[in-house]
Amino acid sequence: MTRRTARHRSSRTGWFGHGRTRALLSAGLLLGTGAVATSAYWTDREVAQGVSVRSGELHIDLEDNEQAKPETITDWPDLNLTGMADGDTRAALMTVSNNSIGDATLSYGVKAAATNPLGAALRATVRQGGSINAGTCVGGSLVGGASVPLNGFDEAVSAHLGPGQSHDLCIQVRLPSPSGVLANATSAVTFTFPARQEQ
Amino acid sequence: MSAAKRVAREALLWVGGVLGTLCLLSLLAGWLFQVTPLVFSSGSMSPAYGAGALGIAREVPASDLAVGDVVSVLDARGRRVTHRITGLDADGGLAVLTLRGDGNDVADAQPYVVREADRVVLGVPYAGYVLNAAASPFGLAAAALLVLALLLIGFGRGHRLVPVGLASTVALGAGLGASGVAPWAFTSAYWTDTAAATVQATTPALQSHAPPTCAQSGVGGIARLTWTDVNDLYEYAWSVRELDGTPAPVGTANPPPQLSGVLGASTTQGQQVQLDIPTTRGQGQVHKKNFVVWVTTRLISDNSVTGPTTVTPIHREEGQGGNIWVAYCGHV
């Protein structure tokens, strides 16, 4: 049997049938996958780890709640803000958990809003992993600034929550002295914990 | 060469050639038509685009976007996010987009300001897994081996261009990826959730002082009124008055005694506020009788009154020296 060369075949099957042409074109595969891999590595290392979450639901939960949606703890009993006189400080621990379905790691933040002149006067301090000592939050790592205006508080917690993990957030609220807030003042204070999937 | 070998060789060349051509064509299409194949790495856009789907996105100007479009944009940290537009605020050539994953109850926390965006026009379920696998270290190694084999088949073992070609292909691919000009992209369609807690904050209710206690304990046994300071925010206005409420006469002393004033602004909450009723001087008919002491609690900040005025009875008797009128507790 005579050895047929690629040249013989090319005359029959056109330019793409040429062995060397296909060999050269196949390099496009390496070029393309290499470009995708490098691009993914440079732009987002987490994404480049792979497509892992197929289905599921993200659940950030407070206190003992399990996959509550929508989730609002009305009149959070741990934080007592009634009868706040000038100079008063109150603090409470909030447990934040990642109870997501599927192995999702989440990042989250703390937002706070408060109505009325009393709300405008209140100051907040949030410490992740902190504890309460003599009515104030100590230890842990500060989330945002210390004793910053509560209304409009919007800070990200730097540590992410892995699947099944939880954090204790120490939340401290202070009415500075003098506050200029009249007696019998009220304010609706809301803490919100927005979460997004990271992996 | 045997027939089986020849068939295998041809098959390899065809598979490699077609795959390579597809890669090159998608690169070209991406550059020529601003088309970006997107691999969904998370699933908040399911079922339209589940995790592992391959979406085809085309870059359009902000003015072409509409609520309901699925767009791929970069977030504040430069990460690519693909979610559906739920709110759009056009401003000239810019648009402020509110995005939300179809499977999310809450919109993305941050709005996105864009001049143009990649609008997803087509989705192929699971196809993204193929691209993801190809871009994995194992996929890259397999592609390198395949290409090496094909180059050797096509050009022969002794050809000097084979290793050079392989190395330059790898370098070019890495360069394209690192420079960001490769049109393919991985995108997050991340899940979101939110939880909230509410608390009612209040300040103490308006307070007023308890009725003062009167005792003959001032200098020379004059009437001394005492009461407890109810709050640091408060002070107390007092005055000595006739029974009908008109101010009591101050008499002839020079300077005249203070028969009204304000006390307690600097008293600490819970401590006693103390008022000694001043002695008056003058003809007896306007002094030797019953009087009352009014005490009113008010806010230091704006002097607004916070409770009822207390009325404490006193009377005056002549002290030593004549025409000197000392206050005593109660009426006679």
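Here is a walk through a predicted model with chains A and B, starting with how far to trust it.

Chain A has an average pLDDT of 84, with 82% of its residues scoring at least 70. Within that chain, the confidence peaks in strand β5 (residues 123-128), at 96, and bottoms out in α3(A), at a mean of 46. Then there's the start of the chain: residues 1-12 of chain A stay under 50, and the model has nine contacts beyond four places in sequence for them. Where pLDDT is low, the predicted coordinates should not be read in detail.

Now for where the chains meet. Chain A puts 74 residues into the contact, and chain B puts in 75. On the chain A side, the elements giving two or more residues are α2 (19-43), α3 (45-48), β1 (60-62), β2 (71-73) and β11 (186-197). The largest share there belongs to α2(A), with 21 residues. By residue type, this side of chain A splits into 40 nonpolar, 23 polar and 11 charged.

Zoom in on β11(A) and you'll find strand pairing across the chains: β11(A) runs antiparallel to strand β9 (residues 192-202) of chain B, and 11 bridges join the two. As a landmark, look for A:Ala195, which sits opposite B:Asp193 of β9(B). Strands of a sheet pair through backbone hydrogen bonds, either parallel or antiparallel.

A:Phe193 is a handy link from here to the interior. Setting aside neighbours within four places in sequence, A:Phe193 contacts A:Ile60, A:Leu62, A:Val96, A:Tyr108 and A:Val110 in its own chain, plus B:Thr194 and B:Ala195 across in chain B. The largest nonpolar core has 90 residues, and A:Phe193 is one of the four that touch the most other members, along with A:Val110, A:Leu122 and A:Ile171. The element with the largest share of this core is α2(A), which gives 10 residues. Apart from that core lies another, of 20 residues, including B:Trp227, B:Trp238, B:Val240 and B:Val273. In soluble globular proteins, nonpolar side chains tend to be buried together.

Last stop: a sheet in chain B. Six strands make up this open, antiparallel sheet, in the order β13-β12-β16-β17-β18-β15. The edge strands are β13 (260-263) and β15 (280-281) of chain B, and each has a single partner strand, so one side of each is left without a neighbour in the sheet. Further in, strands β17 (residues 310-318) and β18 (residues 324-329) of chain B pair antiparallel over five bridges. To find your way around that pair, start at B:Ile314, whose bridge partner in β18(B) is B:Cys329.

Conventions
Residues numbered from 1 in each chain as written. Chains lettered and ligands numbered in written order. Predicted model: local features only at pLDDT ≥ 70, side-chain atom pairs only at ≥ 80, totals over all residues. Contact = placed C-beta atoms within 7 Å. Helix = DSSP H or I, 4+ residues; strand = E, 2+ residues; numbered from the N terminus. Nonpolar A, V, L, I, M, F, W, Y, C, P; charged D, E, K, R; others polar. Pairing = 2+ DSSP bridges. Core = buried A, V, L, I, M, F, W, Y, C linked by C-beta atoms within 7 Å. Buried ≥ 20, exposed ≤ 12 C-beta atoms within 10 Å, placed from the backbone. pLDDT = per-residue confidence, 0-100.
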